[in-house]
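Here are my notes on the model, set out as numbered points. Please read them with the structure open.

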Amino acid sequence: MMEATFILGLAILVIGVLAVAFARPKTYIARLINLEIPAWGLLLIMLAYDEALAILTFVAVTAIGTFVIVRLMAWRDASC
């Protein structure tokens, strides 16, 4: 049987992915902030399995996501 943490994590992950894909203000800072939502959902999913795996995954997803969005912002500013 699935735990409540796992189900809540899946729901937050799906909502977060939709929030990043269809951000209301289409600015990069809004997408960067919205990127934290699916990271928390992934954290809750991994927390259902193991605490150490959860924190390592959260740190990795946050670091990689921030790096990609910041690089994209720099690339878009340079091309204008």
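Leaving aside its neighbours within four places in sequence, which residues is asparagine 34 in contact with?

1. Asparagine 34. This is a predicted model, and the points below should be read as such. Beyond its neighbours within four places in sequence, asparagine 34 is in contact with Gly16, Ala19, Val20 and Ala23. Asparagine 34 lies in helix α2. Its relative accessible area is 18%, and because buried means under 20%, asparagine 34 counts as buried.

2. Helix α3, length and burial. The 12 residues of α3 should span 16 Å at 1.5 Å a residue, and the end C-alpha atoms are 16 Å apart, so the two values agree. The buried residues in α3 are Pro38, Ala39, Gly41, Leu43, Leu44, Ile45 and Met46. Their cover includes α1 (4-21), α2 and α4.

3. Helix α4, length and burial. Helix α4 runs over residues 51-79, which is 29 residues. At 1.5 Å a residue the expected span is 42 Å, and the end C-alpha atoms of α4 are 42 Å apart, in agreement. Buried in α4 are Ala54, Thr57, Phe58, Gly65 and Ile69. Among the elements that cover these residues are α2 (28-34) and α3 (36-47).

4. The largest nonpolar core. Five residues make up this core: Ala39, Leu43, Met46, Ala54 and Phe58. Both α3 and α4 give two or more residues to the core. The largest share comes from α3, with three residues.

5. Alanine 54. This residue belongs to the largest nonpolar core. Setting aside neighbours within four places in sequence, alanine 54 is in contact with Leu43, Met46 and Leu47. Of these contacts, Leu43 and Met46 are also members of that core.

6. Threonine 57. This residue is placed in helix α4. Is threonine 57 buried or exposed? With a relative accessible area of 17%, threonine 57 is buried. Apart from neighbours within four places in sequence, threonine 57 is in contact with Leu42 and Met46. Met46 is in contact with alanine 54 too.

7. Points to check on the display. For α2, begin at asparagine 34 and its contacts, including Gly16 and Val20. For the core, begin at Met46, which is one of the five core residues, is buried in α3, and is in contact with threonine 57.

Key: Residues are numbered from 1 along each chain as its sequence is written. This is a predicted model: local features need pLDDT of at least 70, side-chain atom pairs count only at pLDDT 80 or more; totals for chains, interfaces and linings use all residues. Side-chain values use heavy atoms; hydrogens and water are left out. Helices (H or I, at least four residues) and strands (E, at least two) are DSSP runs, numbered from the N terminus. The expected span of a helix is 1.5 Å times one less than its number of residues. Buried means under 20% relative accessible area, exposed over 50%, partly exposed in between (1.4 Å probe, protein chains only). Contact means heavy atoms within 4.5 Å. A nonpolar core is a set of buried Ala, Val, Leu, Ile, Met, Phe, Trp, Tyr and Cys residues joined through side-chain atoms within 4.5 Å.
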